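Dear colleague,

I am handing over the structure shown below, and after it you will find notes on what turned up when its aromatic rings and its surface were examined. Please keep the structure open while you read.

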Amino acid sequence: MGYFPTWRPATGATVLPDEKLPLAAAIPMSVQHLLAMSGSTILAPLIMGFDPNVAVFFSGIGTLLFFAITGGRVPSYLGSSFAFIAVVMAATGFAGGGANPNIGVALGGIIAAGLVYALIGLAVMAAGTGWVERLMPPAVTGAIGVSIGLNLAPVAVNQLKGSMAHLAIALATVLCMAMVSAYGTRTTRRIAVLIALAFGYGLVLVLGNGAGIVPGIDFSRVGQAAWFGIPSFTAPRFDWTAISMIAPVAVVLVAENLGHIKALGAITGRNMDRYIGRGFLGDGLATMIAGAGGGTGVTTYAENIGVMAMTRVYSTLIFPMAAVIAILLGLSPKFGAILQTIPAPVLAGLAVSVFGLIASAMARIWVDNRVDFSDPRNLFTVGVALILGAGDFTVTIGGFALGGIGTSTLAALVIWQVLGIGRRTA
């Protein structure tokens with residue numbers, strides 16, 4: 001068996017990872033995956049004050065790298081990770097709105113997180129995944145994930161502050177996303193963020209540009225922007241305090257990617273455990289490359305797994321095609337200028353929705369894995385981690401600072417292991 005599979009033409013309704021579609025069918029499928037990832041990949045950098053055009057560009061680069069490192073055997077798209085939002089905003093002192101003036105130190109931290117992640121990937125390739133699953137069982141990974149969502153709550157609430165019109169548009173955006181998620185078709189639910197963004201944008205056009213009730217959208221930069229050009233890359237700056245706050249996010253990315261690859265194995269009927277280490281390595285290196293040029297940290301996307309489950313098309317060749325389209329969009333300053341016109345109340349509404357979903361979706365880990373909260377081991381692990389994360393408990397020793405996500409992660413890992421001493425089973 002070669003490093004890459006020999007893709008054969010698909011013959012049935014289900015298209016397996018090592019099968020290929022005709023080009024006429026593959027291109028629309030790649031566009032569908034691009035739409036599925038675009039809402040979150042654009043939203044995360046906007047919230048952190050990064051250039052969304054650069055983030056889209058590096059999502060394409062990262063996806064191509066992931067495809068190469070996994071030997072084209074794991075169908076995944078890499079987009080902006082929400083796990084970085086809380087720590088990046090804390091490390092840079094950014095409160096939201098406009099460009100982040102301290103992006104360089106965040107990029108240094110993102111590179112460090114990618115390095116830790118890549119090293120974990122190499123360790124998994126050498127020793128298997130058993131030690132990762134013992135170190136981070138569902139009680140721990142769920143606690144860390146929920147802590148991230150709760151840690152972001154003050155950010156979302158601060159973005160809601162403003163005039164009544166600002167608040168009304170933000171809440172209308174929240175309601176739109178909720179309605180699409182609850183009542184939309186399976187196709188529309190996959191792009192709920194994108195639909196809510198378009199709805200809020202249209203609302204501002206009507207109430208702002210049309211009626212003058214709220215500030216309208218300024219399109220002057222869109223008209224001036226060129227159709228094609230090099231993205232505005234930013235150089236990283238390495239600051240130990242920022243690194244210590246951001247690097248622990250690698251633990252979250254490991255848990256996230258581990259779950260995604262296992263889910264892919266379940267829906268495709270192919271055991272993909274042998275590629276987990278390669279997946280970690282690819283994702284870690286992609287995060288380092290993104291951080292080196294001004295992009296956000298990246299991760300595999302559940303949205304794209306949902307599209308595959310819905311369409312039953314798992315061909316890995318779809319994803320490099322989607323990646324190339326993303327790179328081309330990233331090379332269009334006009335596309336970037338359009339993204340920068342997204343109004344503040346719309347971003348506020350999306351922040352409330354997405355941050356809440358981070359917490360509630362990660363809590364689902366406990367439900368799916370039937371975590372027993374009558375067990376004091378689970379109860380204390382989760383309880384302490386949530387308080388430290390939600391309260392943003394920060395430990396500072398000299399020039400070293402470990403923020404709320406870091407202390408929450410460390411507490412969950414340590415308490416779980418300490419309370420397991422003398423037990424035969426977890």
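**What was found in the model**

The model is a predicted one, and the mean pLDDT of the protein is 84, with 96% of its residues reaching 70 or more. Among the elements of the protein, helix H14 (residues 276-293) has the highest mean pLDDT, at 94, while strand S6 (residues 400-402) has the lowest, at 62. Where pLDDT is low, the predicted coordinates should not be read in detail.

To begin with the aromatic rings, the count comes to nine aromatic pairs, taking rings as paired if their centres lie within 6.5 Å. One of these pairs is formed by Tyr3 and Phe4, whose ring centres are 5.0 Å apart and whose planes stand at 85 degrees, so the pair is edge-to-face. Tyr3 is partly exposed, with a relative accessible area of 44%, and Phe4 also counts as partly exposed, at 37% relative accessibility.

A second example is the pair of Phe58 and Phe233, in which the ring centres are 5.7 Å apart and the planes are at 55 degrees, so this pair is tilted. Because Phe58 lies in helix H2 (residues 52-69) and Phe233 lies in the loop between helix H11 (220-224) and helix H12 (240-246), the pair ties together parts that are 175 residues apart in sequence. Phe58 is buried, with a relative accessible area of 7%, whereas Phe233, at 41% relative accessibility, counts as partly exposed.

Returning to Tyr3 and Phe4, you will find that these residues form one aromatic cluster together with Trp7 and Phe67.

Two tryptophan rings have a charged residue over the face: Lys334 lies over the face of Trp227, at 5.1 Å from the ring centre, and Arg377 lies over the face of Trp416, at 3.6 Å from the ring centre.

Turning to the surface, a nonpolar patch is formed there by Phe373, Leu379, Phe380, Val384, Leu410, Val414, Val418, Leu419 and Ile421, which together have about 790 Å² of accessible area. The elements that give two or more residues to this nonpolar patch are helix H19 (376-390) and helix H20 (404-418). As one member to look at, Val414 lies in helix H20, and with 42% relative accessibility Val414 counts as partly exposed.

With best regards

Definitions and conventions. Residues numbered from 1 in each chain as written. Predicted model: local features only at pLDDT ≥ 70, side-chain atom pairs only at ≥ 80, totals over all residues. Heavy atoms only, no water. Phe/Tyr/Trp six-rings, centres within 6.5 Å; stacked < 30°, edge-to-face > 60°. Buried < 20%, exposed > 50% of the residue type's maximum accessible area, 1.4 Å probe, protein only. Helix = DSSP H or I, 4+ residues; strand = E, 2+ residues; numbered from the N terminus. Lys NZ or Arg CZ within 6 Å of the ring centre and 35° of its normal. Patch = residues over 30% accessible without salt bridge, like charges linked within 9 Å, V, L, I, M, F, W, Y side chains within 5 Å. Areas by Shrake-Rupley, 256 points an atom, 1.4 Å probe, with all protein chains shown as cover. Salt bridge = Lys/Arg side-chain N within 4 Å of Asp/Glu carboxyl O. pLDDT = per-residue confidence, 0-100.
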